[in-house]
Amino acid sequence: MSDLIPYEILTKLVNEADDAAVENVREGRGGPFGASLNVINLDNHWVIRIGEVAGNAVLETGVGSAHAEDQALSPENIRALKATLKNRDPAHTAVIVASSGESCPACHAKLEILARLLVSEKLLRLGHFIIAYGASYADTKAVAGFNDEPYHADMLQPEHMRLIRVDTIARDRLPHALQEALLHHEAVIETPSGLYAGNDERTRHFTLIPEVTALRAACETNKAQGAPEPWNLQRATLYTTTAQIGPLAYAEAQWANIARWVKVGGAESFTPTEAPDISNNDLFAAVAARPYNHSHSALFVVRVSPFANRGQREWARLQAERPEHLKTYNGIAST
Ligand SMILES: [Zn+2]
């Protein structure tokens, strides 16, 4: 697939994402990462950018997974993307997400789900969703100190060996307050400061599965209350009625420092999956598998090289100057 797109175009898009990363760091919105969402005409290689080049917004939003790719996939941008694709011939059209850094598992899951949604809605052909990135996990760790590798590796472990301990508990064995909360909600986070509940809100945005909605509610409340690290739920427990653990829910829980995942058994288990036409277990395996570009993924991933990585270098420079302003946060068990 990438043969159909000149390499210079991917390089240019990734470098623009890096420019946004530099600006993002200087503005203090979040980490040194930028990303853009684009549609390309495969005949003449014209590129249409969907929305602005986005930056990491973790510091601004208080949500640990508000990464550049996440911000590039905003509800407005997804609406604009679909409207743009509707007017095009899928045989001659591809989507390119350009990112200054290799996507973490949460962003990777969002991209995999989006690609599958577009294919299922017949807006895009399978194989026509390209991810181009600059800095690898190893580069990002060496230059800026962020290390996503363990979280990706964790997802390759069998369920009982993962960083987040997984239990199954029958609904009637839970404390009363949790039972009550789970009567009206599909996911509940139990933190030292209280319970935060979430439901399936995917009519608003494709990433708003119950677990994500609950995690966001907890982080946003922390942010509103002035917590120094609102994204860090300090080894909280997530209760969910979703029967199979999906990669998006799991990776988002990693970013929020969830230590325990409880599948709540019972007849009313929530059955919809994170992506169409695939079970959560199979989607989890597809997102975790490496190397990229295997037959179970709807994404085609390209690393562009050489890459200047100016955003991360700017982060390192500013962090040395004023460490109190910039926080390097790596999710679960990072405290
Ligand atoms: Zn990410």
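## A two-domain predicted model

Helix α4 lies across strands β1, β2 and β3 (93-101), and runs at about 170 degrees to β2. Keep in mind while you look around that this is a predicted model.

Let us stay with the sheet under that helix. Where do β1, β2 and β3 belong in the strand order? They are part of an open sheet of five strands, ordered β2-β1-β3-β4-β10, in which the pairing is mixed. Strands β2 (47-55) and β10 (300-303) stand at the edges; each has a single partner strand, so one side of each is left without a neighbour in the sheet. On average, and ignoring direction, neighbouring strands of this sheet are turned by 15 degrees against each other.

Elsewhere in the chain, β9 (258-265) takes part in two pairings, one with β5 and one with β8. The table sets these beside the pairing of β1 with β2, giving for each a pair of residues that stand opposite one another.

| Strand | Partner | Sense | Bridges | Opposite residues |
|---|---|---|---|---|
| β1 (residues 34-41) | β2 | antiparallel | six bridges | I40 and V47 |
| β5 (residues 165-170) | β9 | parallel | six bridges | D167 and V262 |
| β8 (residues 236-240) | β9 | parallel | five bridges | A236 and I258 |

As a reminder for reading the table, strands of a sheet pair through backbone hydrogen bonds, either parallel or antiparallel.

Now for the domains. The protein chain is divided into domain 1, made of 2-151 + 282-321, and domain 2, covering 153-265. Their C-alpha centres lie 25 Å apart. Across the boundary, 22 residues of domain 1 are in contact with 25 residues of domain 2. Which elements give two or more residues to the domain 1 side? They are α4 (75-86), α5 (105-120), α7 (149-154) and α11 (280-288). Helix α4 is thus met again here, after its appearance across β1, β2 and β3. The most comes from α5, which gives seven residues to this side. By class, the side of domain 1 that touches domain 2 has 17 nonpolar, three polar and two charged residues.

A helix pair is worth a look too. Two packed helices are described by the angle between their axes and the distance between the axes. For α9 (residues 210-224) and α10 (residues 247-255), the axes come within 8 Å and cross at roughly 20 degrees. Angles under 35 degrees count as roughly parallel, and that crossing angle therefore makes α9 roughly parallel to α10. The crossing of the two helices is left-handed. On the α9 side the contact is made by E211, V212 and L215, and on the α10 side by L248, A249, E252 and A253. Sorted by class, the residues of this contact comprise five nonpolar, no polar and two charged.

Finally, a few backbone details. Most residues other than glycine have a negative phi, and most peptide bonds are trans. Which residues are joined by a cis peptide bond? One such bond joins R290 and P291, with omega about -5 degrees, and P291 has its place in the loop between α11 and β10. Another joins S305 and P306, where omega is about 0 degrees; P306 sits in the loop between β10 and α12 (310-321). The edge strand β10 therefore borders both of these loops. Phi of D277 is near 65 degrees, a positive value in a residue other than glycine. D277 lies in the loop between β9 and α11.

Methods: Residues numbered from 1 in each chain as written. Predicted model: local features only at pLDDT ≥ 70, side-chain atom pairs only at ≥ 80, totals over all residues. Axes fitted to C-alpha atoms, helices over the stretch in contact; angles between N-to-C directions. Helix = DSSP H or I, 4+ residues; strand = E, 2+ residues; numbered from the N terminus. Parallel < 35°, antiparallel > 145°, perpendicular 65-115°, else oblique. Left-handed = near helix turned anticlockwise from the far one by under 90°. Contact = placed C-beta atoms within 7 Å. Nonpolar A, V, L, I, M, F, W, Y, C, P; charged D, E, K, R; others polar. Domains from an automatic or database assignment. Pairing = 2+ DSSP bridges.
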